[in-house]
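Biologist: I am new to this one and would like to ask how its features earn their names. Could we look at it together?

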Amino acid sequence: MSENRQAIAHYRNNFLKEVEVHVEDGEWVKMCMQCGVCAGSCPLGNAWQHTPQKLFMMIRAGKREEVLSSDSMWMCTSCYNCIVRCPRKLPITHIMHGLAHYAHRLGMAPKGQPTREVARLFWNNLAKTGRVNELKFSLAMYFKDGFIQGIKNLLAMQGIGIGLMKAKRLNPMELLGGHKCKDKDGIHKMIAKAREIEERKQGYAS
Amino acid sequence: MTKKNYAFYPGCSSQKGASASNFAASIEVMCGKLGIQLNEIPDWNCCGASIGYGEGGLLPRLVLNARNLALAEQHLPGQDMVSGCPACWLSTRETAEKLRESADLMAGANEALKEAELDFKGTVKARHIVEVLVEDVGFEGMKAPVVKPLQGMKIAGYVGCQTNRPFGIAGESFENPQYLDRMIATVGAEPASGYEQKVTCCGGALAFSEPDKSQKQIRDIVESAYDHGAEMIVTPCQLCQANVEIYQSEINKKQGTKLAMPVVYYSQLMTVAYGGSLKEAGLDGHVIQPKKLQDIARK
């Protein structure tokens with residue numbers, strides 16, 4: 001590589017382009033004017049190491065590793081405050097979801113990040129029968145850090161569980177099967193096909 | 001009364017024995033009195049909810065919702081699709097709009113739907129029950145069946161997030177929507193004015209993954225209701241109802257507070273005001289008992 005090219009390589013920034021192509025609504029990132037309304041509007045704002053405003057600037061600065069391994073976008077509660085307040089109308093919530101998903105897909109999201117784990121368990125739960133089984137989902141969450149921790153979690157939450165059972169809002173019989181779609185096979189095939197199409201379009205090997 | 005027909009998408013939490021089965025119970029009398037006929041979409045599936053993005057990519061999430069839209073289009077043609085759950089409504093409406101705007105996404109969705117022997121043409125409109133109440137029935141219409149006005153009750157109208165943002169009810173502001181307060185007044189109760197936690201987030205799905213952060217939100221939402229002299233909180237959202245009601249005991253345990261604020265749905269208020277029984281209003285489905293409302297229902 002010539003000296004000139006080396007110098008240019010230092011400034012070359014492909015991460016913004018990568019985000020525009022691979023992240024949901026990523027083409028909006030360049031529109032951010034760094035006003036910070038999103039950061040100030042987030043209910044969990046002070047839990048974000050990098051607020052959306054910062055993430056947008058970091059993307060434009062080419063900080064690929066820092067952005068994709070960040071824990072921040074996993075703090076999104078999907079309240080949509082940032083979306084409705086953004087003066088430039090950036091679909092910020094969607095971009096945060098998109099960044100989190102992309103980082104997860106690349107295996108760069110922080111390992112054991114609790115919301116990442118919950119999201120994975122939730123999706124696997126719903127994709128199995130087409131409908132969420134709340135009991136199995138709760139149990140999967142309690143036991144995600146191993147059996148001993150699971151029992152501890154279960155004991156800590158037993159009051160809530162019993163309260164909900166008394167109110168007929170948690171059915172122990174759901175453990176034996178529970179609600180499901182009739183055409184769960186069709187749903188499995190449909191989701192697999194959607195993944196395949198998306199991977200093909202994104203240029204990933206399936 | 002001639003009934004108006006809607007394709008109904010109950011959502012996972014409104015199934016029998018699930019966390020919002022009290023809501024599911026309470027809409028029957030309400031809809032009956034208001035001439036709303038809800039026809040359940042056959043074999044509907046989960047919308048992916050707000051946390052589905054982590055594992056599910058954009059197209060898999062859109063396809064989940066496109067399946068429900070396609071089933072509604074096929075089995076209940078010409079009917080608006082109505083959800084009771086804001087997360088279901090948001091996902092469905094977002095899907096309907098995204099597919100209508102992008103021929104590429106629509107083609108992808110239909111290619112995947114073919115695996116389930118379905119096809120979506122894009123003709124269905126996705127709505128929330130509150131939209132049906134406000135826009136199709138109207139406040140006068142909601143008032144007409146009231147036989148037991150909830151006089152003397154002061155209620156904090158907690159709208160939460162997803163019934164309000166990003167779509168919301170047409171003509172309402174995101175920061176201070178009025179319809180829930182008007183609904184409270186319509187059934188004869190007094191809305192707690194100046195309840196500043198009206199559109200605060202309860203933490204949503206992060207109630208599971210980040211309990212301390214979420215419980216901080218919930219504490220604010222409940223304490224503000226106390227500060228404004230409310231006896232209970234009313235909400236249109238299934239996750240808000242569950243989070244704000246269920247975790248008060250956890251907050252008490254950890255922080256030494258004595259929170260015991262009942263949290264109910266607008267549909268439960270309406271069912272009681274329309275003369276429905278305690279059971280018909282789903283008022284046997286609470287962890288913190290809404291005693292005053294239960295007493296009115298028993299009378």
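Modeller: Gladly! Let us start with pairing: two strands pair if DSSP finds at least two bridges between them. Keep in mind that this is a predicted model. In chain B, strands in the order 6-5-7-8 form an open sheet of 4 strands with parallel pairing.

Biologist: What makes strand 5 and strand 6 of chain B a pair?

Modeller: The pairing rule asks for at least two bridges, and 2 bridges join strand 5 of chain B to strand 6 of chain B. That meets the cut-off, so the two count as paired. They run parallel, and in strand 6 of chain B the bridge partner of B:Lys154 is B:Glu190.

Biologist: Why are strand 6 and strand 8 of chain B said to stand at the edges?

Modeller: Each has a single partner strand, so one side of each is left without a neighbour in the sheet.

Biologist: Which other open sheet does chain B have, and what is its order?

Modeller: Another open sheet of 4 strands in chain B has the order 2-1-3-4, with parallel pairing. Here strand 2 (36-40) and strand 4 (126-128) of chain B stand at the edges, because each has a single partner strand. The twist averages 45° from one strand to the next.

Biologist: How do you know that strand 1 and strand 2 of chain B pair?

Modeller: They share 5 bridges in the parallel sense, and at least two are needed, so they count as a pair. One place to look is B:Tyr6, which stands opposite B:Leu38 in strand 2 of chain B. Helix 5 of chain B lies across strand 1, strand 2, strand 3 (81-83) and strand 4 of chain B, running at about 80° to strand 4.

Biologist: Why is helix 6 of chain B called largely enclosed?

Modeller: A residue is buried if 20 or more other C-beta atoms lie within 10 Å of its own. In helix 6 (residues 179-186) of chain B, 6 of the 8 residues are buried, so the helix is largely enclosed by the rest of the structure. They are B:Tyr179, B:Leu180, B:Asp181, B:Met183, B:Ile184 and B:Thr186. Among the elements they pack against are helix 5 (129-143), strand 5 (154-157) and helix 11 (266-273) of chain B. After helix 6 of chain B comes B:Gly188, whose phi is positive, near 95°.

Biologist: How many residues does each chain give to the contact between chain A and chain B?

Modeller: Chain A gives 53 residues and chain B gives 53 residues. On the side of chain A that touches chain B, 25 are nonpolar, 14 polar and 14 charged.

Biologist: Where do helix 12 of chain A and helix 4 of chain B meet?

Modeller: A:Met190, A:Lys193, A:Ala194 and A:Ile197 meet B:Gly108, B:Glu111, B:Ala112 and B:Leu113. These residues divide into 5 nonpolar, 1 polar and 2 charged. The two helices pack at an angle of about 145°, with their axes 8 Å apart, and their crossing is right-handed.

Biologist: What does B:Leu113 touch?

Modeller: Among its contacts are A:Met190, B:Val63, B:Ala66 and B:Phe120. B:Leu113 is also one of the residues with the most contacts inside the largest nonpolar core, which has 161 residues. Helix 2 (residues 58-75) of chain B gives the most to this core, with 10 residues.

Conventions
Residues numbered from 1 in each chain as written. Chains lettered and ligands numbered in written order. Predicted model: local features only at pLDDT ≥ 70, side-chain atom pairs only at ≥ 80, totals over all residues. Axes fitted to C-alpha atoms, helices over the stretch in contact; angles between N-to-C directions. Left-handed = near helix turned anticlockwise from the far one by under 90°. Contact = placed C-beta atoms within 7 Å. Nonpolar A, V, L, I, M, F, W, Y, C, P; charged D, E, K, R; others polar. Buried ≥ 20, exposed ≤ 12 C-beta atoms within 10 Å, placed from the backbone. Core = buried A, V, L, I, M, F, W, Y, C linked by C-beta atoms within 7 Å. Lists of a residue's contacts leave out its neighbours within four places in sequence.
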